[in-house]
Amino acid sequence: MAPITTDNCEFECATSVDSSINGSQNNNFENDIDIDIDNDNFVSNASNVSNLSQVQVEDHVEQEQQQQQEKQQQMPWEAPGKQGLYDPQNEHEACGVGFIVAIDGKRSHKILRDAQTLSERMNHRGACACDNDTGDGAGVLASIPHGLYAKALAAQGVTLPELGNYATGIFYLDVAQHASAESEFDELAKSLGLSVLAWRTVPANQQAIGVVARKSEPLSRQVFVARPEGTDEKSFERQVFVLRKRASHELTKPGRRFYICSLSDRTVVYKGLFTSDQLWDYYTDLQDPDFETYMALVHTRFSTNTFPSWERAHPLRVLAHNGEINTLRGNVNLMKAREGVMQSELFGEQLKKLYPVVEPNLSDSGSFDCVLEFITMASDRSLPESVMTMVPEAWQNDRTMPQEKRDFYQWAACVMEPWDGPALISFTDGRYIGAVLDRNGLRPSRFYVTKENVLVMASEVGVYDVDPSQVTLKSRLKPGRMLLVDTKEQKLIQDIELKARIAKSRPHSDWLQQKITLDEIRNANVLNTPIVEPPKLPASQRGIFDPRLSLFGYTTETVNMLLIPMFQNKKEALGSMGNDAPLACLSGYQPIPYEYFKQLFAQVTNPPIDPFREKVVMSMQCPLGPEANLLQPSAQQVHRIWLPNPILSIPDTQLLKRNTHRGWKTKVLDITFQYSEGYQGYLDCIDRICREGANAAQAGYQLIVLSDREAGCNEHVAVSALLALGALHHHLIETLQRMKVGIIVETAEAREVHHVCVLLGYGADAICPYLAFELAQALRDDGVIGADVTDKQIYAAYAQAIDTGIAKVMAKMGISTLQSYKSAQIFEAVGLGNEVIDKCFRGTQSRIGGVTLEILAKEGLERFQLTYGKVSPDTRILRNPGQYHWRHGGEAHINEPSSIGSLQEAAVNKNLSAFEAFKKTTLESVKQCCLRGQLEFVTDRQKIDLAEVEPASEIVKRFATGAMSFGSISLEAHQTLSITMNRIGGKSNTGEGGEDSDRYLNQDPNNSRRSAIKQVASGRFGVTASYLANADDLQIKMAQGAKPGEGGELPGYKVTKDIAKTRKSVPGVGLISPPPHHDIYSIEDLAELIYDLKCSNPNARISVKLVSEVGVGVVASGVAKGKAEHIVISGHDGGTGASSWTGIKNAGLPWELGIAETHQVLVLNNLRSR
């Protein structure tokens, strides 16, 4: 039984879980553990309203019943839908990919056999399901084998026209409904002026595949569609594309299996739920010597889940992909929004019938495939140019790049945001076949060309045998570079030549002269009416006495710990020792909505990056304003304001509000309402903003400014800028107006890096945090910040601090450009109700429900009441509830002074009453701060006889200490923990700082200083063969609870002689664990490291440490398939590590959610018993 551990306790199931995957296992789990939520504690004390109202409970019950019905209706070929904490949206995949092509386009059967070798040797890149005989997916995309198909159809009495005069593809159908689906397809083809020649059942060997694959095996039917007379090749290609797209939209029905693997006049795809060697035995076509092709693209898949999905196997229609698109949700949302501004000369009115461009419920690869194919077919772009547009190089900071190419990329950035993430994408349309690496180059790709004029590309070496004397060119793809073979021109085109040709294909450099900069707007408006400065407050209300600070939830900690360091040092302040304050949904001090959001981060399936050492790929530049038609390349697309970063100064914001340069106009939406209107006024204000915003977009305004400047004047209260923005952004996407306007947020509410990140993630194009700026100006006048600092320097210092902070947040998710991060919604909400999510943050996960709009509105009104209502001297002073540091009578903290004092008294003097006091205060703190504190024990069960319960001496053997390295704590503390755990039979953990050999060799059994758990992190500090051999558990550290997505760091002055000796480094030299991509950049690499560690110590249990976030269960499922025997789930709150406050406070989730999700997903995958 694979146990799951949290950082401070380990859970191990006592009995094996029923191994059958059926619909009832989660119910059994829920019946065993009766969960009761204490509503009284799950509220904001300020509003004193139960967050789980009766209505929500009824909604929840209704939702459960609906999910139950859907489960019963699930077809054998469908993967499980959303249930419990599992959501199929969180699936990840990693893969082996390669292709082989005859550059001269000469067909042969040998190409296919070589592709088989290529594919089978990447078997280790795939993974097996719980039956160990069903792969996660494998496939091959080849050019159409005309001779084979002509022979097969002749046997049916059908004469196949010449190659190029028909299109073909394989469909996945079900036996019961295939006849009706085929006849409907024939009718649709007829209505589009095409005729179906014949259908053929693809011959298959069912015995070649695993049990799980057989359960969901489709009926594979192949269609042949004739090219109408007088139609040229390009037009026929587009007709076939329309046919496939419309068939996918219109012929898919509940209960009917209908999926088109491909439909093309050049290529055909054979794929399915196989391991890479089963593919070639299952489809007998692939063994036929008449199957002749000039290219073959192969793929083998490692999915983190084991749910059967023939449809999700690769290759897709035009690509096979190894990696992950981290910005997917934003890319898909914006693609939907573009449907409002796209027009195509090629398709005319038919274009609307091709929407949605991205079909629902697709993986990241599937979504990318849809968009790549669409922009190639619907616009005047070649396939390589479309790939360059979607996956650009890191052009912004590359001084050596030719100007023409740089101009092409800047023009492309005005057209579409990058699809960002670690990816090796191989693509083909039958004429071109090639591959591209993402801008970071975080996936390997090697290729060589032989004397036979054959090119072989693969995601690793050793997949294809070739005599070195036969190799004419051997190389690897570099970051952002492209490899391309044009089989029509019969040549290999190198990256430099290819991109120069595309860059020169249009006058991109001339077009770019028309881009708009802030300097241009400033100059153009010099002669306009003078800027109207916002009214200044009286001296008694400036600086720290500004009433708006209290109105928008600032505290003295916000000012002293966060803002002043940003203005003085141009960077965010550091903190350490984790976060033990309550979650926003449990806070008693009216948290603002940003506090409910937790940043997501990359772990295992894709790597975080280092924003400082890899600065060359990072960029904060982005365009602002309406997007032109994506499908018609023109100068019009560059008519956008180009911003160097997303922070606007107060003068620039005032300028943009009244800007008329080049005929632009700006609509300012006031996001405040009268206090007397109460809760209803708050809701009406959000609706009004959506209405006015949509009207402004339709009326031809280019910019919308959401402003809360009126807050506090004449009894006006502001709606949270985040709620106003989220609601407007999603309303404009739904009404297809979002691409017609840019949105600027002018707010007093945002001040921290996290606030700015959340606003950007939910649709802001630029932000002016005016109250932070006005506070800095007042502090300068009061002498707190240097008196000689100008306003300009204040704006620049703050913008730089925010830029650095955003870069760190993006890098945690492996994202390099702000343009990709905008609107990508890379957050999970904790404690926000469905009503809020549906209205303002559609698509964001919020798994435990929580506060309603009513509660958020009441808290906003309460802050107004506290600021302007009670006129006592106390309200003039800024509050300090102690969010960061404990304060008596303030916010609760898990570790508070009285409980620590009681613990010390109990330990030193063996005082039992002090221990009771410690227990009582600790449990009370947990109740006030944590999700687990909201659970209550079930009291109506039959009591168990104590004789049946394990004695305490056995229970403590399951105890394990947290992983704290020697260096983060002293040697004495580190050794004391080891001695204690060894005496009671528990386990201590070395942390990532290694352990000196004298601690595990020749130890006195009663005082053994050996740590049973030895950690291996990306820095490999102190890891030697002897260290690995002397462990009971070897723990691979993939992420750190206190600051997930960032590496551990020990400054040079802390690296003493002893620490350096243990870590095998040099005294006085700082040490950092690099982001894991230098070591593990995907799930297959983790499987490889697990194997290596097992070889170094066959008796050790291999453990993998993950951090709780939405989807951690899916990652853990992949880790279990990678042969880990133990999984640790760390919470967001622990850790000794130093990091910026943004990382400590706002990344990672409570371990309770991580543990529950991991258990449920492992059971669902039938992997829990591993």
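Is Cys414 buried or exposed? At 1% relative accessibility, Cys414 counts as buried, because the cut-off for that class is under 20%. The model shown here is predicted. A second cysteine, Cys768, is also buried, with a relative accessible area of 0%. A disulfide is a covalent bond between the sulfur atoms of two cysteines. How many disulfides does a search of the whole structure find? The search finds zero.

The protein chain as a whole comes next. The chain has 1170 residues, and buried residues make up 60% of them. Its secondary structure comes to 37 helices and 37 strands. Consider the contacts between residues at least 6 apart in sequence: 77% of these join residues that are at least 24 apart.

One part of the chain to look at is an open sheet of five strands. Strands of a sheet pair through backbone hydrogen bonds, either parallel or antiparallel. In this five-stranded sheet the pairing is antiparallel, and the order of the strands is 11-12-13-17-18. Which strands stand at the edges? They are strand 11, residues 319-323, and strand 18, residues 491-493. Each has a single partner strand, so one side of each is left without a neighbour in the sheet. On average, and with direction ignored, neighbouring strands of this sheet are turned by 10 degrees against each other.

The pairing at one edge can be followed residue by residue. Strand 17 covers residues 482-486 and is joined to strand 18 by three bridges, the two strands running antiparallel. Asp486 has Lys491 of strand 18 as its bridge partner. Helix 13, residues 495-503, lies across both strand 17 and strand 18. Its direction is at about 80 degrees to strand 18.

Helix 13 also meets another helix. The axes of helix 12, residues 403-415, and helix 13 come within 9 Å and cross at roughly 65 degrees. The crossing is left-handed. On the helix 12 side, the residues that meet helix 13 are Glu404, Lys405, Phe408 and Tyr409. On the helix 13 side they are Asp495, Lys499, Ile502 and Ala503. Sorted by class, the residues of this contact divide into four nonpolar and four charged, with no polar ones.

A second helix pair is formed by helix 9, residues 328-338, and helix 10, residues 364-378. Their axes are 11 Å apart and the helices pack at an angle of about 35 degrees. This crossing, too, is left-handed. Helix 9 contributes Leu328, Val332 and Met335 to the contact, while helix 10 contributes Asp364, Ser367, Val371 and Phe374. By class, the contact of helix 9 with helix 10 has five nonpolar residues, one polar and one charged.

The loop between helix 9 and helix 10 holds Pro356. The peptide bond that joins Tyr355 and Pro356 is cis, with omega at about -5 degrees. Where is Pro315, which a cis peptide bond joins to His314? Pro315 is in the loop between strand 10, residues 295-303, and strand 11. For the bond between His314 and Pro315, omega is about -5 degrees.

Further along the chain there is an open sheet of three strands, with the order 19-23-22 and mixed pairing. Strand 19, residues 516-517, and strand 22, residues 622-624, stand at its edges. Both have a single partner strand, so one side of each is left without a neighbour in the sheet. Strand 22 and strand 23, residues 641-643, pair in the antiparallel sense over three bridges. Here Pro623 stands opposite Trp642 of strand 23.

Two loop residues remain, each with a positive phi. Lys570 is a residue other than glycine, and its phi is near 60 degrees. Lys570 lies in the loop between helix 17, residues 556-569, and strand 20, residues 574-575. With 41% relative accessibility, Lys570 counts as partly exposed. Arg1020 is not a glycine either, yet it has a positive phi of about 55 degrees. Its loop runs between strand 31, residues 1013-1016, and helix 32, residues 1025-1029. Why does Arg1020 count as partly exposed? Its relative accessibility is 30%, and the partly exposed class lies between the buried limit of under 20% and the exposed limit of over 50%.

Technical notes
Residues numbered from 1 in each chain as written. Predicted model: local features only at pLDDT ≥ 70, side-chain atom pairs only at ≥ 80, totals over all residues. Heavy atoms only, no water. Axes fitted to C-alpha atoms, helices over the stretch in contact; angles between N-to-C directions. Helix = DSSP H or I, 4+ residues; strand = E, 2+ residues; numbered from the N terminus. Left-handed = near helix turned anticlockwise from the far one by under 90°. Contact = heavy atoms within 4.5 Å. Nonpolar A, V, L, I, M, F, W, Y, C, P; charged D, E, K, R; others polar. Pairing = 2+ DSSP bridges. Disulfide = S-S within 2.5 Å. Buried < 20%, exposed > 50% of the residue type's maximum accessible area, 1.4 Å probe, protein only.
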